[in-house]
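Me: I should like a close look at a single part of this protein, followed outward into its surroundings. Please treat it in one connected account.

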Amino acid sequence: MTPENRTQHNSNKDVAVPWASNKTSILHVGIDLGTSRSAIASSNGAREVMASLVGWPKDSVSARVLGASILVGDAVLENRLALHTCYPLNAGNLAFTELSGPEKDASRKAGVTLLDALRKASNPRPDQAVCAVIGAPAEATRENKQAIVDLARDAGIDGVMVVSEPFAVAYAVNALENAIVIDIGAGTIDLCRMAGSLPGAEDQVTVFRAGNYVDQRLAELIREAHPQVQFTSNMIKLAKERFSSVVDTENRALVTFPVAGCPTKIDITPQLRSAVEELVPWITQGIQSLVATFDPEFQHRIRNKIIVSGGGSQVFGLQEALEKGLEALGGGRVTIVDDPVYAGAQGALKLAQEMPEEYWSQMRR
Amino acid sequence: MTLEASDSPLPLPVSSVHELQDLQKKGISKMRVVSASQLRNSARIALAQALNEMLGEIQICGEERQLILDRAQSHLMPSNPGTDSIPVETPEVAPASKPVPRADETKEAQQSQPPASASKGPLGEREKALLVQLSRLIARDWRTELATVRDSQRTQVERLEMRIEELTLALHATDHALAGEDKKCTAELEVKSPFDHKKSELLDQLFQANVALRSLADETAPGETGSQDREGR
């Protein structure tokens, strides 16, 4: 066996990557590991966003139909009826850390598979060592950060650094001083105060009511208003992503959901607006707590530089709703980033690229 | 009484006949009768003078000048020089007196007046002045045009010279940075933003936080739970 053909086997048997010593160059990668969707951006220009979802065929028939023993990403959503599915992340953290027994093993394996799929999406050459900066929730526990590092290594990522997700966004948009960055995800809303240094625990707030909470509330409200309507959580999620708004507009959120098997058009505009609006006070409270504990001389500065990213930032009218919510706290200016889905991954990639090479050498040992 | 009323009227094609009384009424007390050939001769002289002045204003070489003069001469010279060479003395007449031309003069006038040239008419003082003014205007216009072109050319040349100078300087700087021994010089030339230092500090802090995380991971026994951890500081 020639050295070029040698492969490195990790604790996870599904993942085989080229032996580290064969790698002569570095591919920098930025990963936004999200509860619902994960994004990757790499220094070779590759960019991809995929559902943070892993699935295994339910039986030998589905395995034969699908032609794979394990599926990752959007393919799982498309074939979910034939699969056992697993979200490796829960409320922003790797779920296996809070599980035990076979569930823990399955969840861990799902995590490794997801990270491996993200690594493959970055298109590394066999001679390239993948050095990744991975975004984690602002208030991720030490165990979770360690778990991310372990799983990333098992997925064949050679060098790993973990960074707070809103910090990665702040780095992407060069808002490292006197700013508040808010990352609205599915599992959490992460708020981070930037004061020109690496944010500590006192600079970060995580709200555990985010996109998934809106889905849940929306389902409850629709069920109350239209008890006969049939729907799944995925249908609710798609409706939210399509119509979510906090503004009273003339555009109606009309969806076609089945009623006793018959496709029926229903208007979910008031339910949708109500569910989304419930997030606003949580965000403004988070902002207030970060502003109130900041240097009084600079409080007005961070209040006027609030940057919002993440999939949840695409809610129509959110910017105005937050600014209106901030009026009671003395006002503020809110900006939505241009590329909210990839902002975290782009910031992590920027960090990976600007990190000195000797640091990466140390992290790869 | 009109000229037409006389027995031998003056056959000038561009002439007109006026009543003496009418002319008197207009305040003309004296008039000089000039023959057509005399009038044409004086017009030629005036035209030649104007041409000379024009040629004096225009910057052309001697050969071309001579060529123009020759061509002008050919046009200005009378077709029958013999008839025009003899100046005709014309008497001054009193307004009341009846101008009676001599028979031979009438004949001369008739002979010396070619039908084609007569239609062009004579060149008067006003026309002469106009020609001179026109020639001056043309000359001035050309001078302005030339000056404008020269100025714009000079501006462009100056701009190009400045650009060349800048590029030469940049080239020197690049050479210096490349050849110079060398990292020191490069560092001096580089313009660093004030935030670059802060960024490198942040990267260092992030690296240290991850090193700590890794070392803690190595030390932490399995099953031990951890508390919330700061990333940096």
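Which strands of chain A does helix α3 lie across, and at about what angle does α3 run to β6(A)?

Reply: In this predicted model, helix α3 of chain A, residues 101–121, lies across β6, β7 and β8 of chain A. The direction of α3(A) makes about 115° with β6(A).

The three strands beneath this description form an open sheet in the order β7-β6-β8 of chain A, and their pairing is antiparallel. At its edges are β7 (71–72) and β8 (83–86) of chain A, each of which pairs on one side only. Strand β6 of chain A, residues 54–57, is joined to β7(A) over 2 bridges in the antiparallel sense. Within β7(A), A:Leu71 is the residue that stands opposite A:Gly55.

A second sheet of chain A may be described in the same manner. This open sheet has 5 strands in the order β15-β14-β13-β18-β19 of chain A, with mixed pairing. Its edges are β15 (204–207) and β19 (334–336) of chain A; each has a single partner strand, so one side of each is left without a neighbour in the sheet. On average, and with direction ignored, neighbouring strands here are turned by 20° against each other. Strand β18 of chain A, residues 306–309, pairs with β19(A) in the parallel sense over 3 bridges. A:Val308 has A:Ile336 in β19(A) as its bridge partner.

Two helices pack on this sheet. Helix α5 of chain A, residues 165–172, touches β13, β14 (189–195), β15 and β18 of chain A, and its direction makes about 55° with that of β14(A). Helix α9(A) likewise touches β13, β14, β15 and β18 of chain A, its direction making about 25° with that of β14(A).

Helix α9(A) also leads to a contact between helices. The axes of α8 (residues 269–277) and α9 (residues 279–292) of chain A come within 5 Å and cross at roughly 15°. Because of that angle, α8(A) is roughly parallel to α9(A). On the α8(A) side, the contact is made by A:Ala275, A:Val276 and A:Glu277, and on the α9(A) side by A:Leu279, A:Val280 and A:Pro281. By class, these residues comprise 5 nonpolar, no polar and 1 charged.

Strand β13(A) connects the account to a pocket. The second largest pocket has a volume of about 720 Å³. Its lining consists of 38 residues, and those nearest its centre are A:Ile184, A:Gly185, A:Ala186, A:Gly311 and A:Gly312. At least two lining residues come from each of β4 (37–42), β11 (128–136), β13 (177–184), α6 (211–225) and α7 (233–243) of chain A. The most is given by α6(A), with 4 residues. The lining divides into 13 nonpolar, 16 polar and 9 charged residues.

Two of the contributors to that lining, α6(A) and α7(A), also meet each other. Their axes come within 9 Å and cross at roughly 105°; α6(A) and α7(A) are therefore roughly perpendicular to each other. From α6(A), A:Gly211, A:Val214, A:Asp215, A:Leu218, A:Ala219 and A:Ile222 take part, meeting A:Ile236, A:Lys237 and A:Lys240 of α7(A). The residues of this contact between α6(A) and α7(A) are 5 nonpolar, 1 polar and 3 charged.

Definitions and conventions:
Residues are numbered from 1 along each chain as its sequence is written. Chains are lettered from A and ligands numbered from 1 in the order in which they are written. This is a predicted model: local features need pLDDT of at least 70, side-chain atom pairs count only at pLDDT 80 or more; totals for chains, interfaces and linings use all residues. Side-chain values use heavy atoms; hydrogens and water are left out. Axes are lines fitted to C-alpha atoms, for helices over the stretch in contact, and angles run from 0 to 180 degrees between N-to-C directions. Angles under 35 degrees count as roughly parallel, over 145 as roughly antiparallel, 65 to 115 as roughly perpendicular and the rest as oblique. Contact means heavy atoms within 4.5 Å. Ala, Val, Leu, Ile, Met, Phe, Trp, Tyr, Cys and Pro count as nonpolar, Asp, Glu, Lys and Arg as charged, and the others, Gly among them, as polar. Two strands pair if DSSP finds at least two bridges between them. On a 1 Å grid over the protein atoms alone, a cavity is a set of points where a 1.4 Å probe fits but cannot get out, and a pocket is an open set with protein on both sides within 12 Å along at least five of seven lines; lining residues have an atom within 4 Å of a point. Grid points are joined across faces, edges and corners, and a volume is the space filled by probe spheres set on the points.
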